[in-house]
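Open the model in your viewer and set it to a cartoon with side chains available. The stops below go from the whole chain to single helices and end at one loop residue.

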Amino acid sequence: MSKPLAKTARLAPKWRALAEARCADQGERLTPARLSVYAELLACDRPLSAYELMALLEQRQQRKIAPLTVYRHLKFLMRIGVVHRLQSAQSYVPCDHPDHPHDSQFLLCSSCGHVDEVESRGIETMLSQIADERGFRPDHTVVEIKGVCGTCADSDPD
Ligand SMILES: [Zn+2]
Ligand SMILES: [Zn+2]
């Protein structure tokens, strides 16, 4: 379930720099507490719920952390655009390309839990056309596709 502590979150400089740039854009600061939440997400190869994150942080920092604190940091990380929330799984993943604002589509593997983030202009255009034709004004679009990833499909004996 939870990843081994040894594999700890040494945040790759690239991701940290991108997150800091997003903060600077919005006149915000990447505090150590915010950074620690981001680092846990980056260190894990599957989405994490707020409670899983809380448990990992408590284990690492050897102290109690309130769920609200975790939610607050997650909200911040989503606001600056470095973390996405998966609606269907009620969990969080680090963005694959936080260098620009975007809508995302996600492919969720039900076998290994891997999440693939794609950014398809074609899908976005098509969805906004459909909404347009109906006079509908979307404010948030969620595209999450559940299934089995290529790696899992290949290793399936059937
Ligand atoms: Zn993204
Ligand atoms: Zn898989």
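Of the 158 residues of the protein, 21% count as buried, where buried means 20 or more other C-beta atoms within 10 Å of the residue's own, exposed means 12 or fewer, partly exposed is in between, and C-beta atoms are placed from the backbone. This is a predicted model, in which local features need pLDDT of at least 70 and side-chain atom pairs count only at pLDDT 80 or more, while totals for chains, interfaces and linings use all residues. Residues are numbered from 1 along each chain as its sequence is written, and chains are lettered from A and ligands numbered from 1 in the order in which they are written.

**Whole chain**

Keep everything shown. The C-alpha atoms fill a box of roughly 55 × 50 × 30 Å along the principal axes. Colour by secondary structure to find six helices and five strands; these are DSSP runs, H or I of at least four residues for helices and E of at least two for strands, numbered from the N terminus. Along the sequence the pattern is α-α-α-α-β-β-β-β-α-β-α. Among contacts between residues at least 6 apart in sequence, 57% join residues at least 24 apart, a contact being two C-beta atoms, placed from the backbone, within 7 Å.

**Helix 2**

Select residues 32–43, which are helix 2. Its twelve residues reach 16 Å from the first C-alpha to the last, close to the 16 Å expected at 1.5 Å a residue; the expected span is 1.5 Å times one less than the number of residues. Show the side chains of Arg34, Val37, Tyr38, Ala39, Glu40 and Leu41, the buried residues of helix 2. They pack against helix 1 (13–25), helix 3, helix 4, strand 1 and strand 2.

**Helix 3 and its two crossings**

Add residues 50–61, helix 3. Helix 2 and helix 3 pack at about 110 degrees with their axes 10 Å apart; axes are lines fitted to C-alpha atoms, for helices over the stretch in contact, and angles run from 0 to 180 degrees between N-to-C directions. The two helices are therefore roughly perpendicular, a label for angles of 65 to 115 degrees. Ser36, Val37 and Glu40 of helix 2 make the contact with Leu53, Leu56 and Leu57 of helix 3.

Now add residues 67–79, helix 4. The axes of helix 3 and helix 4 come within 9 Å and cross at roughly 110 degrees, which makes this pair roughly perpendicular as well. Here Ala50, Tyr51, Leu53 and Met54 of helix 3 meet Pro67, Val70, Tyr71 and Leu74 of helix 4.

**Helix 4 alone**

Which residues of helix 4 are buried? They are Val70, His73, Leu74, Phe76 and Leu77. Viewed down the axis, these fall within an arc of 160 degrees, so they line one face of the helix; the arc is that of the directions from the axis to the C-beta atoms. Their cover includes helix 2, helix 3, strand 1 (83–86) and strand 2 (91–94). Turn to the face away from the buried side for the exposed Pro67, Leu68 and Lys75. Gly81, which follows helix 4, has a positive phi near 90 degrees.

**Last stop: Asp103**

Select Asp103, in the loop between strand 2 and strand 3 (105–109). Asp103 is partly exposed, with 17 other C-beta atoms within 10 Å. Leaving aside neighbours within four places in sequence, Asp103 is in contact with Glu124 and Thr141. Asp103 and Glu124 are 21 residues apart in sequence and 7.8 Å apart in space, C-alpha to C-alpha.

Technical notes
Angles under 35 degrees count as roughly parallel, over 145 as roughly antiparallel, 65 to 115 as roughly perpendicular and the rest as oblique.
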